[in-house]
Amino acid sequence: MAKYDLVIIGSGPGGYVAAIRAGQYGLKTAVIEKDSYVGGTCLHIGCIPTKVLLHHAEIYDTFQRAAEFGFEVKDVKVNWPAILARKERIVNKHTKGIEFLFRKSKVETITGWGRVAGPGRVSVEKDGKKTEIETTYTMLATGSDARSLPGVEIDGKTILTNKEILELPAIPKSLVVVGAGAVGVEFASIFRTFGTEVTILEMLPRAVPLEDEEISAELMKAFKKRGIRIETEAKVESVKKDAKGATVVFKTKDGKSESLAAEKVLMAVGRRPMTENTGVDKTAAKLERGFVHTNAYMETAEPRLFAIGDIVAGLPQLAHAASMEGLIAVGLMAGKEVQPFDRMKCPNATYCEPQIGSIGMTEKQARDAGIKIKIGKFPFLGNSKATILGHHEGFIKVVAEEKYGEILGVHVIGPLATEIIAEAVTAISLEATLDDLAAMIHAHPTVWEAMGDAFNAVRGLSINA
Ligand SMILES: Cc1cc2nc3c(=O)[nH]c(=O)nc-3n(C[C@H](O)[C@H](O)[C@H](O)COP(=O)(O)OP(=O)(O)OC[C@H]3O[C@@H](n4cnc5c(N)ncnc54)[C@H](O)[C@@H]3O)c2cc1C
């Protein structure tokens, strides 16, 4: 029986990053992956392919606005199969990249269904054949899958999840997106840019409900301006296929029943943890609706069994969260000094147009916690680089503690939001104050310098607003 220091089940951004680090620390490591390729949701049907489509949508948008930038561009045609082919090439390139990094760190890959078989034992099943391997530590990194609503059947052709929508043979004329979380608004944004008539139905009172309320309001305003219809407090009652596509019946916030016809429907109503049939339920690990409870070092209640990524209860379902959780767990196994995972230091990035980047407490969370706060806001309208780029909608909002000026939260909607949030990540991770940030020199002209203005805005000292 093969014997490892660490066996990881799942090769997404949680599992593969943990495996590489384990290899770097000299742990004999194997990754079990059910699919014939490594990389998980993120690389194959999540972060990477969607960002390729989004980038192509941005290029198309620039062509549409050519005259504004002093170009005459005629007859721009979208070659959808060529865009999908480029997406495939990028995904394949990075899949090979992970394979190369595994070889470099001496990580073994075993293809098959992984299951925790008992303390220090993991089974792998492939083509009806089961083998067992021994390991000191086991890490469950099996990720998540798209949910649907009761009675709504995903057929993969008309009623879709994030997986099938990435392989559509053509850009649909109309699309109903059920759910206005990160996945929903991202696809709504992409297809609207390519000319699709898009309607979003959201059960809660606002889009991107986990973000600061003002960010949600700004996004809904921007989406409406772009011709995306958003119905909040909408209760979807049925989604049925018909000859022309599908019909979605929903109750509006006023209680009226409305029916919408669309060529395609995307179900973006959240993701369920993939912990069924993994043997975790037979261990001492605590489960809640399929999610695994861990401490901040990713240890479950079962000795030497760790869980990371989308399956962990109460933590964000984000690739970079999964990766950091994996690094913390492996550091602990290798006897290194590690810091616990802190949700408040983990940025959120939503890749729609305009983009959203945020970290830390929203204004409401800070007020509900009884903290005395001050708010600073800076609109991108005052930032010269944003004007040069032709993307000056949105703002940066800073939530700071009143007395010492500690930065508690930063919320950005607008150009390069998912990039410039990096400064706020550093600030919050290092517990920086408004004074520290006011003394920082921001290069000019950059979109990033708007951060400096926003931090100064808390004390009414922003220069450009
Ligand atoms: C459309 C979309 C866009 C997204 N965009 C972003 C983004 O821009 N940024 C971001 O941070 N996050 C994004 N996410 C979320 C991100 O993809 C996930 O948070 C991330 O992939 C979770 O990583 P993971 O390692 O926990 O699981 P996964 O990436 O889901 O990987 C789990 C792996 O485990 C394998 N597996 C499952 N069960 C078994 C088993 N029993 N045996 C063997 N193998 C098994 C699966 O095949 C898979 O390869 C997006 C998600 C979606 C759906």
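In this predicted model, Phe 71 has a relative accessibility of 54% and therefore counts as exposed. The residue is placed in the loop that runs between α3 (47–64) and α4 (80–104), and together with Ile 59, Phe 63, Phe 69 and Val 73 it makes up a nonpolar surface patch of about 440 Å². The loop between α3 and α4 also holds Asp 75, a residue other than glycine whose phi is nonetheless positive, near 55°. Asp 75 counts as exposed, because its relative accessibility of 67% lies over the 50% cut-off.

A positive phi is likewise found at Asp 127, where the angle is near 50° in a residue other than glycine. Asp 127 belongs to the loop between β5 (121–126) and β6, and with a relative accessible area of 73% it is exposed. Such angles deserve mention because most residues other than glycine have a negative phi, just as most peptide bonds are trans.

Two cis peptide bonds may be described in this context. One of them runs from Glu 353 to Pro 354, with omega near 0°, and Pro 354 is located in the loop between β20 and β21. Another joins His 444 and Pro 445, with omega at about -5°; here the proline, Pro 445, lies in the loop between α11 (434–438) and α12 (449–457).

The loop between β20 (348–350) and β21 (356–360) also contains Gln 355, which is buried, its relative accessible area being 12%. A polar atom of the Gln 355 side chain lies 3.2 Å from the backbone nitrogen of Ala 417. When neighbours within four places in sequence are left aside, the contacts of Gln 355 include Glu 58 and Thr 350, and a further group of its contacts is formed by Val 412, Ile 413, Gly 414, Leu 416, Ala 417 and Thr 418.

Aromatic side chains form four pairs in the structure. In one of these, the ring centres of Tyr 137 and Phe 306 are 6.1 Å apart and the ring planes stand at 70°, so that the arrangement is edge-to-face. The pair connects distant parts of the chain, since Tyr 137 belongs to strand β6 (residues 129–140) and Phe 306 to strand β19 (residues 305–307), with the two positions 169 residues apart in sequence. The two partners are described by separate accessibility classes: Tyr 137 is partly exposed, at a relative accessible area of 21%, whereas Phe 306, at 4%, is buried. An aromatic cluster is also present, and its members are Tyr 60, Trp 80, Phe 191 and Phe 194.

A further buried position is that of Val 292, which has a relative accessibility of 0% and lies in strand β18 (residues 291–292). Apart from its neighbours within four places in sequence, Val 292 is in contact with Thr 275, Val 280, Ala 285, Lys 286 and Leu 287, as well as with Thr 300, Ala 307, Ile 311, Val 312 and Ala 313. The C-alpha atoms of Val 292 and Asp 310 are 9.5 Å apart in space, while the two residues are separated by 18 residues in sequence.

How values were computed
Residues numbered from 1 in each chain as written. Predicted model: local features only at pLDDT ≥ 70, side-chain atom pairs only at ≥ 80, totals over all residues. Heavy atoms only, no water. Patch = residues over 30% accessible without salt bridge, like charges linked within 9 Å, V, L, I, M, F, W, Y side chains within 5 Å. Areas by Shrake-Rupley, 256 points an atom, 1.4 Å probe, with all protein chains shown as cover. Salt bridge = Lys/Arg side-chain N within 4 Å of Asp/Glu carboxyl O. Helix = DSSP H or I, 4+ residues; strand = E, 2+ residues; numbered from the N terminus. Buried < 20%, exposed > 50% of the residue type's maximum accessible area, 1.4 Å probe, protein only. Polar contact = N/O pair within 3.5 Å; in protein donor to acceptor, adjacent residues only side chain to side chain. Contact = heavy atoms within 4.5 Å. Phe/Tyr/Trp six-rings, centres within 6.5 Å; stacked < 30°, edge-to-face > 60°.
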